[in-house]
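Subject: Structure handover and notes

Dear colleague,

I am passing on the structure below, together with my notes on what was found in it. Please read the notes with the structure open beside you.

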Amino acid sequence: QVQLVESGGGLVQAGGSLRLSCAASGRTFSRYAMGWFRQAPGKEREFVAAVSGTGITRYYADSLKGRFTISRDNAKDTVYLQMNSLKPEDTAVYYCVQGSGYSWNGGVDYWGKGTLVTVSS
């Protein structure tokens, strides 16, 4: 049974930084792409970033390039999302996901329960 457990969310002032972590268990971590989605209040869930099994290939939502960085540590079965220069519009629940294969193709097999990030102005 795959489990994805996010941590690192919280309250931060605009301009600040947060690093989210997602610890995975249940299947061979390095064989699957990992990603992050978010859902802001009253809005649809949206893609944030993803990384391939090796960590070499990374994908980002165009609007977030340059501020957010995804990475993974396959020795720790953990994926990270470093968020810098945070804005109030980044306020959302952030979800960790595990893809359906080694490369990111948009397919999601598993979702975490989410961690709330609140950015105050």
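A strand here is a DSSP run of E of at least two residues, and strands are numbered from the N terminus. In that numbering, Thr115 lies in strand E11, which covers residues 115-120. Please keep in mind throughout that this is a predicted model.

Thr115 is a convenient place to begin. With a relative accessible area of 10%, Thr115 falls under the 20% cut-off and is therefore buried. Leaving out residues up to four places away in sequence, Thr115 touches Glu6, Ser7, Gly8 and Gly9, as well as Leu20, Ala92, Val93 and Tyr94. For Gly9 there is also a polar pair to note, since a polar atom of the Thr115 side chain lies 3.3 Å from the backbone nitrogen of Gly9.

Two of those contacts, Glu6 and Ser7, lead to strand E1 (3-7). In a regular strand the side chains alternate between the two faces of the sheet. Along E1 this alternation can be followed residue by residue: Leu4 and Glu6 point to one face and are buried, whereas Gln3, Val5 and Ser7 point to the other face and are not buried.

E1 belongs to an open, antiparallel sheet of four strands in the order E1-E3-E8-E7. Because E1 and strand E7 (68-73) each have a single partner strand, they stand at the edges, and one side of each is left without a neighbour in the sheet. On average, and with direction ignored, neighbouring strands of this sheet are turned by 15 degrees against each other. Within the sheet, five bridges join E1 to E3, while six bridges pair E3 (residues 18-25) with E8 (residues 78-83). Ala23 takes part on both sides, standing opposite Val5 and having Thr78 as its bridge partner in E8.

As for the interior, in soluble globular proteins nonpolar side chains tend to be buried together. The largest nonpolar core in this model has 28 residues, of which Met34, Trp36, Val79, Leu81, Met83 and Tyr94 touch the most other members. The elements that give two or more residues to this core include E3, E7, E8 and E11, along with strand E9 (92-99), and E3 gives the most, with four residues. Apart from this core lies another, of five residues, among them Ala33, Phe37, Val97 and Trp104.

Which residues is Met83 in contact with, leaving aside its neighbours within four places in sequence? They are Gly16, Ser17, Leu18, Leu20, Arg67, Phe68, Tyr94 and Val117.

With best regards

Technical notes
Residues numbered from 1 in each chain as written. Predicted model: local features only at pLDDT ≥ 70, side-chain atom pairs only at ≥ 80, totals over all residues. Heavy atoms only, no water. Pairing = 2+ DSSP bridges. Axes fitted to C-alpha atoms, helices over the stretch in contact; angles between N-to-C directions. Buried < 20%, exposed > 50% of the residue type's maximum accessible area, 1.4 Å probe, protein only. Polar contact = N/O pair within 3.5 Å; in protein donor to acceptor, adjacent residues only side chain to side chain. Contact = heavy atoms within 4.5 Å. Core = buried A, V, L, I, M, F, W, Y, C linked by side-chain atoms within 4.5 Å.
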